[in-house]
Amino acid sequence: IFDPIFKGWGNLSIQHVSIKVRVECRKERVIKLGEDISVPVLQCQELDVQLDNVKFKMRDTGADWILNKAIKQFSGQFTELVQANMKEQVQAQVQYALDTLNSYFVVNPELVLSILGISMDDLEENVVWV
């Protein structure tokens, strides 16, 4: 049985990465101490991750030329995979940051509003459709 195992190393380079994040401040109703109140919340409204090209190149495997030809044929799929994984990781980190900030905003909404220079009346209500 032919079982190809290649030892060596490779380089992965990502070119021209663009990350666009749009965060909005809205008001959301919460129950605090038995009272229904509105608090400001930050929400990610848009997240876009784009990259032009992902290059992957193997070295010192003993079969570099054939492996690199095969890799080149799948460069579009490598780019899509890396882009999807990068977007997923950026989305998780943005959501974690927003959740952390929002936990402070529930406790002290006046601080957020004064930092942003707005009032609660300026914010759109966050509506959840069921």
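The legends below describe close-up views of a predicted model.

**View 1. Backbone of His 16 in strand β1.** His 16 belongs to strand β1, which covers residues 9-32. Phi of His 16 is near 55°, a positive value in a residue that is not glycine. The relative accessibility of His 16 is 60%, so the residue counts as exposed, the cut-off for that class being over 50%.

**View 2. Backbone of Asp 60 in the loop between β2 and α1.** Asp 60 sits in the loop that joins β2 (35-59) and α1 (64-73). Phi of Asp 60 is near 55°, again positive in a residue other than glycine. With a relative accessible area of 53%, Asp 60 is exposed.

**View 3. Salt bridge between Glu 24 and Arg 22.** The side chains of Glu 24 and Arg 22 form a salt bridge with an N to O distance of 2.4 Å. Glu 24 counts as partly exposed because its relative accessibility is 22%, where buried would require a value under 20%. Arg 22 is also partly exposed, at a relative accessible area of 37%.

**View 4. Salt bridge between Glu 46 and Arg 22.** Arg 22 also pairs with Glu 46, and the closest N and O atoms of this salt bridge are 3.4 Å apart. The contact links distant parts of the chain, with Glu 46 in strand β2 and Arg 22 in strand β1, 24 residues apart. Glu 46 has a relative accessibility of 26% and therefore counts as partly exposed.

**View 5. Salt bridge between Arg 29 and Glu 125.** In this pair the closest N and O atoms are 3.1 Å apart. Arg 29 lies in strand β1, whereas Glu 125 lies in the segment after α3 (109-116); the two residues are 96 apart and the pair links distant parts of the chain. Arg 29 counts as partly exposed at 49% relative accessibility, a value that does not reach the exposed class because that class begins over 50%. Glu 125 is partly exposed as well, at 31% relative accessibility.

**View 6. Network of salt bridges that share partners.** Lys 20, Arg 22, Glu 24, Arg 26, Glu 46 and Glu 124 are joined into one network by salt bridges with shared partners. Arg 22 illustrates such sharing, as its side chain meets that of Glu 24 and also forms a salt bridge with Glu 46. Side chains of opposite charge can pair when their charged atoms come close. Over the whole structure, the search finds six salt bridges.

Definitions and conventions: Residues numbered from 1 in each chain as written. Predicted model: local features only at pLDDT ≥ 70, side-chain atom pairs only at ≥ 80, totals over all residues. Heavy atoms only, no water. Helix = DSSP H or I, 4+ residues; strand = E, 2+ residues; numbered from the N terminus. Buried < 20%, exposed > 50% of the residue type's maximum accessible area, 1.4 Å probe, protein only. Salt bridge = Lys/Arg side-chain N within 4 Å of Asp/Glu carboxyl O.
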